[in-house]
Amino acid sequence: MTEEKLAHLFQESRLVSASENVLYPLIKLKIEQRISLACARFVGGETQFIADIAYIQGLKEIEIQLKKIQTAGNQANYDLHKEQIK
């Protein structure tokens, strides 16, 4: 992988990491809110929850992608530093 690509991955990771204390708690909050809403609707007699499940799964996939960006950035940072030592 080129040094430019590694630097780009590292920068993306830094952006995610910088907002980590906002993004992950917000995702978790939105999931909890949607679960509470679905539970309230269930108590009210509704039985169709496909939209709620899709919303929750979408948030989980966003969280997974953000963590992948962080992991790739950490690896890129390691590779960049490894190249500089040589």
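Analyst: Angles between helix axes count as roughly parallel under 35 degrees, roughly antiparallel over 145, roughly perpendicular from 65 to 115, and oblique for the rest. The model discussed here is predicted, so local features need pLDDT of at least 70 and side-chain atom pairs count only at pLDDT 80 or more, while totals for chains, interfaces and linings use all residues. Residues are numbered from 1 along each chain as its sequence is written, and side-chain values use heavy atoms, with hydrogens and water left out.

User: Why are H1 and H3 given the description they have relative to each other?

Analyst: Helix H1 covers residues 3–18, and its axis makes an angle of about 130 degrees with that of H3, the two axes being 7 Å apart; here axes are lines fitted to C-alpha atoms, for helices over the stretch in contact, and angles run from 0 to 180 degrees between N-to-C directions. A value of about 130 degrees falls outside the three named ranges, and therefore H1 and H3 are oblique to each other. The helices themselves are DSSP runs (H or I, at least four residues; strands are E, at least two), numbered from the N terminus.

User: In what sense does H1 cross H3, and which residues make the contact?

Analyst: The crossing of H1 past H3 is left-handed, a word used if the near helix is turned anticlockwise from the far one by less than a right angle, with clockwise giving right-handed. Residues of H1 that make the contact include Leu-6, Phe-10, Ser-13, Val-16 and Ser-17, and those of H3 include Leu-66, Ile-69, Gln-70, Gly-73 and Asn-77, where contact means heavy atoms within 4.5 Å.

User: What makes the orientation of H1 to H2 what it is?

Analyst: H1 and H2 pack with their axes 5 Å apart and at an angle of about 65 degrees, which makes H1 roughly perpendicular to H2. Val-16, Ser-17 and Ala-18 on the H1 side meet Glu-20, Leu-23 and Tyr-24 on the H2 side.

User: Is Val-16 buried or exposed, and how do you know?

Analyst: Val-16, a residue of helix H1, has a relative accessible area of 7% and is therefore buried, since buried means under 20%, exposed means over 50% and partly exposed lies in between, for a 1.4 Å probe and protein chains only. Residues up to four places away in sequence aside, Val-16 touches Leu-23, Tyr-24, Leu-66, Ile-69 and Gln-70. Its C-alpha atom is 9.6 Å from that of Gly-73, although the two residues are 57 places apart along the chain.

User: What joins the side chains of Gln-70 and Ser-17?

Analyst: They are joined by a polar contact of 2.9 Å, which fits the limit for that term (N or O atoms within 3.5 Å; within protein, one must be able to donate a hydrogen and the other to accept it, and residues adjacent in sequence count only if both atoms are side-chain atoms). Gln-70 belongs to helix H3 and counts as buried because its relative accessibility is 11%. Beyond its neighbours within four places in sequence, Gln-70 is in contact with Ser-13, Val-16, Ser-17, Glu-20 and Tyr-24.

User: Why is the pairing of Arg-34 with Asp-52 called a salt bridge?

Analyst: The closest N and O atoms of Arg-34 and Asp-52 are 2.9 Å apart, and a salt bridge is a side-chain nitrogen of Lys or Arg within 4 Å of a carboxyl oxygen of Asp or Glu. This pair links distant parts of the chain, with Arg-34 in helix H2 (residues 20–43) and Asp-52 in helix H3 (residues 50–85), 18 residues apart.

User: What else is known about the surroundings of Asp-52?

Analyst: Asp-52 touches Arg-34, Ala-38 and Arg-41, not counting residues up to four places away in sequence, and Asp-52 is buried, as its relative accessible area is 3%. Arg-41 and Asp-52 also form a salt bridge, at 2.7 Å from N to O, between residues 11 places apart in helices H2 and H3. Arg-41 is partly exposed, given a relative accessible area of 22%. Arg-34, Arg-41, Glu-46 and Asp-52 are linked in a network of salt bridges.

User: How many salt bridges does the structure hold, and how far apart are Glu-63 and Lys-67 in helix H3?

Analyst: The structure holds 4 salt bridges, one of them between Glu-63 and Lys-67, whose closest N and O atoms are 3.8 Å apart. Because they are 4 residues apart in helix H3, Glu-63 and Lys-67 are separated by about one helical turn. Lys-67 is partly exposed, with a relative accessible area of 43%.
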